[in-house]
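Me: I'd like to learn how to read a few features off a protein model. Can we go through them one at a time?

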Amino acid sequence: MNREGVHRDGDYRWVIEPTGAMRVPAVLYADEQLLDDMDDKVRWQLCNVASLPGIVGAACAMPDAHWGYGFPIGGVAAFDTDAGGVVSAGGVGFDISCGVRTLVSTCTRDEVLGVQERLAHELARAIPAGVGSTGRLRLSDPEMDAMLTGGARWAVAQGYGSADDLAHIEEQGCIAGADPQALSQRARERQREEMGTLGSGNHYLEVQWVAEVFDPGAAAAFGLEPGRVVVSIHCGSRGLGHQVGTDYLRDMAIAAPSHGLRLPDRELACAPINSVLGQRYLGAMRAAMNCALANRQILTHLCRESFRRLLPGFGGQLLYDVSHNICKVELHDVGGRKRTLHVHRKGATRAFGPGHEAVPDALRSHGQPVLIGGSMGTASYVLAGSASGEALSWSSACHGAGRSMSRHQATKQWQGRKVVDELAARGVLIRSPSLRGVAEEAPGAYKSVDRVVDVAEKAGLARKVARLEPLICVKG
């Protein structure tokens, strides 16, 4: 990234002061190497975000930030309705409520290694993955409406998992305000047979083990003992969420002049929060979030079934489930008083600190679990939200390693079969219906997750709890 106009404000905080149409500063959290490696488009997009009406505080970029659609991936921004704030479909993204949930087992690494090949086969057989993959369910229109308003609660009522899971899911498994009628027929049709599927791209189900503990107290509360096996599921709202993004980006771009909005970039299409279009988008987005929560709940059930066929004592208690691509209504401290804000997180993770009422009772004293996915074959992390994150980034942290090259570039540098073989030689089994997809997600196509997480901790966004190493990865 070109550092012209970027000044350092601490070891891991970089600021671009408002110029031109910018209403607030742009703030990037990075060390020197991560900053230099960021595409100049990250800077350009972040400054564009800082120019949107009603933005509060600063437009922020997390340490894993890279170029995205409208907002940079890793971008965070909060908007005040009373100040003319907007909601941006580009600030949420196409894969609405893409997120991670982590299950904690009672199994050890050695127990899983004893059945590793068979377990990899069982999981790949049970978990539909890949472009256009379909699941066991085909939803009727009434069932679709129930799922879109009920989220994970609907899935549990259908026999997928247990009511105990709900306390460990963001919004207790169901976000209020979903409006199925705000979805196009095309969005509904795309999801009719896709419930309980991983999808493609960087989505995965990964069997991992706790390789290192950094915060023994938090790790004990989270059930993360050294050598313990966990499972992380990374996916979102599938075709439905993508269609919601497509539909509303178009509608917002068309309607912008009627709302008096001059967009610095068409991809930043937005609408006033209080407008009919803004409220309609929020209803559709929340329906897509419930779709994602239901989808991950079904996948959790399929995962537990697969494990228990080989390891009956698997357990698989849900640690937490949190979304990465979402706009949430939250209460935040601004200038010494609480204000209700619409916080956009695109490729960023909510990271509430200790004592926050939204964190499950059993975990509250340690802060919200922050689930950081690595790239295929590399480490993942569990962090905990920090008290300082509120003032720094609206209680937000990084969400993964962040891409360092495009998927097209990755396929020129790696072959899928070779990546699979190299990881197998290291003890990591990859199962995917697409070798091209494996090449696109090669570990070398991403930044160092270790560096990203270290910066997130040192910047005060979240603190490290445990490092997870992979054993099996089912990829789309």
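Reply: Sure. Let's begin with charges over rings: a charge sits over a ring if NZ of Lys or CZ of Arg is within 6 Å of the ring centre and within 35 degrees of the ring normal. Keep in mind that this is a predicted model.

Me: Okay, over which ring does the charged end of Lys41 sit?

Reply: Over the ring of Trp67, with 4.8 Å to the ring centre. There's another case with Lys464, whose charged end lies over the ring of Phe214 at 4.4 Å from the centre.

Me: Now rings against rings. What describes a pair of aromatic rings?

Reply: Two quantities: the distance of the centres and the angle of the planes. Centres must lie within 6.5 Å to pair, and planes under 30 degrees apart count as stacked, over 60 as edge-to-face. By this rule there are 4 aromatic pairs here. Take Tyr69 and Phe94: the ring centres are 5.2 Å apart and the planes make 75°, so we call the pair edge-to-face.

Me: Where in the chain do Tyr69 and Phe94 come from?

Reply: From distant parts, 25 residues apart. Tyr69 belongs to the loop between strand S4 (55-66) and strand S5 (73-79), while Phe94 belongs to the loop between strand S6 (86-88) and strand S7 (99-108).

Me: And how do I read burial for Tyr69?

Reply: Look at the relative accessible area: buried means under 20%, exposed over 50%, partly exposed in between. Tyr69 has 32%, so it counts as partly exposed. Phe94, at 22%, is partly exposed too.

Me: Is the pair of Phe214 and Tyr381 stacked or edge-to-face?

Reply: Stacked, with 6.3 Å centre to centre and 25° between the planes. The two residues are 167 apart along the chain: Phe214 lies in the loop between strand S8 (204-213) and helix H7 (216-222), and Tyr381 lies in strand S16 (residues 380-385). On accessibility, Phe214 is partly exposed at 29%, whereas Tyr381 is buried at 4%. Phe214 is also the residue whose ring has the charged end of Lys464 over it.

Me: Let's try helices. At what angle do the axes of H8 and H9 cross?

Reply: For helix packing, angles over 145 degrees count as roughly antiparallel. Helix H8 (residues 238-255) and helix H9 (residues 276-310) have axes that come within 9 Å and cross at roughly 170°. That angle is why H8 is roughly antiparallel to H9.

Me: Which residues make the contact between H8 and H9?

Reply: On the H8 side, Arg238, Leu240, Gly241, Val244, Tyr248, Asp251, Met252 and Ala255. On the H9 side, Leu277, Arg280, Tyr281, Ala284, Met285, Ala288, Cys291 and Asn295. Sorted by class, this contact has 11 nonpolar, 2 polar and 3 charged residues.

Me: Does Met285 lead anywhere else? What is Cys327 in contact with?

Reply: Leaving out neighbours within four places in sequence, Cys327 is in contact with Val87, Val92, Leu282, Met285, His342, Val343 and His344. Cys327 is part of strand S12 (residues 325-334), and at 1% relative accessibility it counts as buried. Its C-alpha is separated by 8.4 Å from that of Lys346, 19 residues along the chain.

Me: Next, is Leu35 buried or exposed?

Reply: Buried, at 0% relative accessibility. Leu35 sits in helix H1 (residues 32-37) and touches Met1, Arg3, Trp14, Leu28 and Ala30, again not counting residues up to four places away in sequence. For a distance, Leu35 and Arg13 are 22 residues apart in sequence and 9.9 Å apart C-alpha to C-alpha.

Me: How about Leu435? What does it contact?

Reply: Beyond its neighbours within four places in sequence, Leu435 is in contact with Gly416, Arg417 and Val420. Leu435 is found in helix H13 (residues 435-440) and is partly exposed, with 39% relative accessible area.

Me: Last one, backbone torsions. What sign of phi do most residues other than glycine have?

Reply: Negative. Trp394 has a positive phi, near 55°, and phi of Ser395 is also a positive value near 55°. Trp394 lies in the loop between helix H10 (389-393) and strand S17 (396-397), and Ser395 is in the loop between H10 and S17 as well. Trp394 counts as buried at 9% relative accessibility, and Ser395 is buried at 3%.

Key
Residues numbered from 1 in each chain as written. Predicted model: local features only at pLDDT ≥ 70, side-chain atom pairs only at ≥ 80, totals over all residues. Heavy atoms only, no water. Axes fitted to C-alpha atoms, helices over the stretch in contact; angles between N-to-C directions. Helix = DSSP H or I, 4+ residues; strand = E, 2+ residues; numbered from the N terminus. Parallel < 35°, antiparallel > 145°, perpendicular 65-115°, else oblique. Contact = heavy atoms within 4.5 Å. Nonpolar A, V, L, I, M, F, W, Y, C, P; charged D, E, K, R; others polar. Phe/Tyr/Trp six-rings, centres within 6.5 Å; stacked < 30°, edge-to-face > 60°. Buried < 20%, exposed > 50% of the residue type's maximum accessible area, 1.4 Å probe, protein only.
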